[in-house]
Amino acid sequence: QAVELVRVLSGLPEATSAEDVTVGLGDEEAAGSLGRAIALAGTPARAAAGSSVLRSAPVVLLETLGRYAAQQRYADLAALVRHPDMLGVIGDEPWATTLDVYASTYLQADTRAAWRGDVDTREALGQLSDRIDGVLPDDHDTPQSLPAWSPAIAQTLAVVYESRDLDPFANHATVEALTQLAQALGEQAQLDPSARSTPRLTFAQAVSL
């Protein structure tokens, strides 16, 4: 089926857009293998049914940033370095390898402790921490009303994604997740900060909620 599907798609006029083509399936379990076949043939593909926004890259990134802001754990720093959307923030240095080597040499669970090793290692990891800390709001540990966090969370996302050239089709999941997050933050910003039902939270707690 995958080979035949790719053959049929390759016979379409060259000007055909991926958005103009829908592949109907009798068995939804075939979506994974057929989607991979289309992608391997060089054409973007996505399931029309979509997937949960909770598994999207922007939401996973926010969750990880929240955990890092709250606990400053080495494991969360390593997870942020490996998140593909952080590349524009931390640069294309081999940070994951650097952290792996460091972890195999030193036992350090908390990034608030002084970095160890030679001067180059300490400077590099200090620079990495500064870049990631620069994404977080300055007052991320200070409790504020929930609506007050809306612009701060939006700015955090903007710092990460403003330099990305997101294609509406190829990056559909990311674009849709950012759209839904923007809508949720907009609704959250309308809450009455003085109401008893409006909680006061840190950045990490606001992101989690």
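A salt bridge is a side-chain nitrogen of Lys or Arg within 4 Å of a carboxyl oxygen of Asp or Glu. Counted that way, this structure, which is a predicted model, comes to 7 salt bridges. It also holds 5 aromatic pairs. Here is a short tour of some of these contacts, with a look at how open to the surface their residues are.

**Arg67, Asp76 and their network**

- Arg67 and Asp76 meet through their side chains in a salt bridge, with 3.3 Å from N to O.
- The two partners sit in contrasting surroundings: Asp76 is buried because its relative accessibility, 3%, falls under 20%, whereas Arg67 is partly exposed at 36%.
- How does the pair Arg131 and Glu93 compare as a contact? Their side chains also form a salt bridge, at 3.6 Å from N to O.
- Arg131 belongs to helix α7 (residues 119-133) and Glu93 to the loop between α5 (87-90) and α6, so this salt bridge ties together parts 38 residues apart in sequence.
- Both ends are partly exposed, with relative accessibility of 26% for Arg131 and 33% for Glu93.
- Through salt bridges with shared partners, Arg67, Arg73 and Asp76 are joined into one network.

**A bridge between two helices**

- Asp100 and Arg82 form a salt bridge in which the closest N and O atoms are 2.8 Å apart.
- This pair links distant parts of the chain, as Asp100 lies in helix α6 (residues 95-105) and Arg82 in helix α4 (residues 74-82), 18 residues apart.
- Asp100 is partly exposed, with a relative accessible area of 42%, and Arg82 is partly exposed too, at 43%.

**Aromatic rings**

- Among the 5 aromatic pairs is the one formed by Tyr102 and Tyr106, whose ring centres are 4.9 Å apart.
- The planes of these two rings make an angle of 45°, and the pair counts as tilted because that angle is neither under 30 degrees nor over 60.
- Is Tyr102 buried or exposed? Tyr102 is buried, at 3% relative accessibility.
- Its partner Tyr106 is partly exposed at 22%, a value that lies between the 20% and 50% limits.
- Tyr102 and Tyr106 also belong to one aromatic cluster, together with Tyr74 and Trp115.

Notes: Residues are numbered from 1 along each chain as its sequence is written. This is a predicted model: local features need pLDDT of at least 70, side-chain atom pairs count only at pLDDT 80 or more; totals for chains, interfaces and linings use all residues. Side-chain values use heavy atoms; hydrogens and water are left out. Buried means under 20% relative accessible area, exposed over 50%, partly exposed in between (1.4 Å probe, protein chains only). Helices (H or I, at least four residues) and strands (E, at least two) are DSSP runs, numbered from the N terminus. Rings of Phe, Tyr and Trp (its six-membered ring) pair if their centres lie within 6.5 Å; planes under 30 degrees apart count as stacked, over 60 as edge-to-face and the rest as tilted.
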